[in-house]
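Look at the structure below and work through the questions that follow.

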Amino acid sequence: MVGASAAAALAAAPNGARADTARAGSDKPVMAKVSLTVNGHKRELELDTRTSLLDAARENLHLTGSKKGCDHGQCGACTMIVDGRRINSCLTLAVMHQGSEITTIEGLGQPENLHAMQAAFVKHDGYQCGYCTPGQICSGVAVLAEIKAGIPSHVTADLNAPMQVTDAEIRERMSGNICRCGAYSNIVEAMTEVAGRPA
């Protein structure tokens, strides 16, 4: 009966109100032009304003390295580097990043020219199934940049001392990137090597 009541209320509404109600219930998406610099290349897209950055990269730009793991920002498989900071790309809308510099795993390196972090993951077997690996690597690159910039974490003991790349710092900062296979110790070794400490 709720449907009948709603139909009766709509029929009784003035013509202008009925038209507004019909428009408000429309499923037609609102589109917007978005300009992004992705992996060093300027890209112009027309997107539904509800499109996440992850979906824009995967579906519109065909950059499928970043993975959709949980779609709730809990696993880190979708991590990208946006304007120098790592983010969960499933939790942000593409239209929010007009003019941003975005780096996905494809922009870090290619098989014939690996980024140092990619090479270290291969050397230290920092993956098993590989599904989370692109997010882990992007996050790892950004974590080392955070430490170098002196940005503290929850486990930073002395805020006045130079930041150190320690196992505790790496583990704390990488805690948002889940590896269901459990390759965590190898990931720490890979990041440690890239940071310049003996693994």
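Q: Which residues does Phe121 touch, not counting residues up to four places away in sequence?

A: This is a predicted model, where local features need pLDDT of at least 70, side-chain atom pairs count only at pLDDT 80 or more, and totals for chains, interfaces and linings use all residues. Residues are numbered from 1 along each chain as its sequence is written, and side-chain values use heavy atoms, with hydrogens and water left out. Contact means heavy atoms within 4.5 Å. With those neighbours in sequence set aside, Phe121 touches Gly126, Tyr127, Thr133, Gln136, Ile137, Ile187 and Ala190.

Q: Which element gives the most residues to the largest nonpolar core?

A: A nonpolar core is a set of buried (under 20% relative accessible area, 1.4 Å probe, protein chains only) Ala, Val, Leu, Ile, Met, Phe, Trp, Tyr and Cys residues joined through side-chain atoms within 4.5 Å. The largest has 21 residues, and Phe121 is among the members that touch the most others. Two or more residues come from each of α4, α5, α6 and α8, helices being DSSP runs of H or I, at least four residues, numbered from the N terminus. The element that gives the most, with 7 residues, is α6.

Q: Against which elements do the buried residues of α8 pack?

A: In α8, the buried residues are Ile187, Val188, Ala190, Met191 and Thr192. They pack against α5, α6 and α7.

Q: Why is Cys179 not bonded to Cys132?

A: A disulfide is a pair of cysteine sulfur atoms within 2.5 Å. Cys132 holds the cysteine sulfur closest to that of Cys179, but it is too far for a bond because the distance is 4.0 Å.

Note on methods
Buried means under 20% relative accessible area, exposed over 50%, partly exposed in between (1.4 Å probe, protein chains only).
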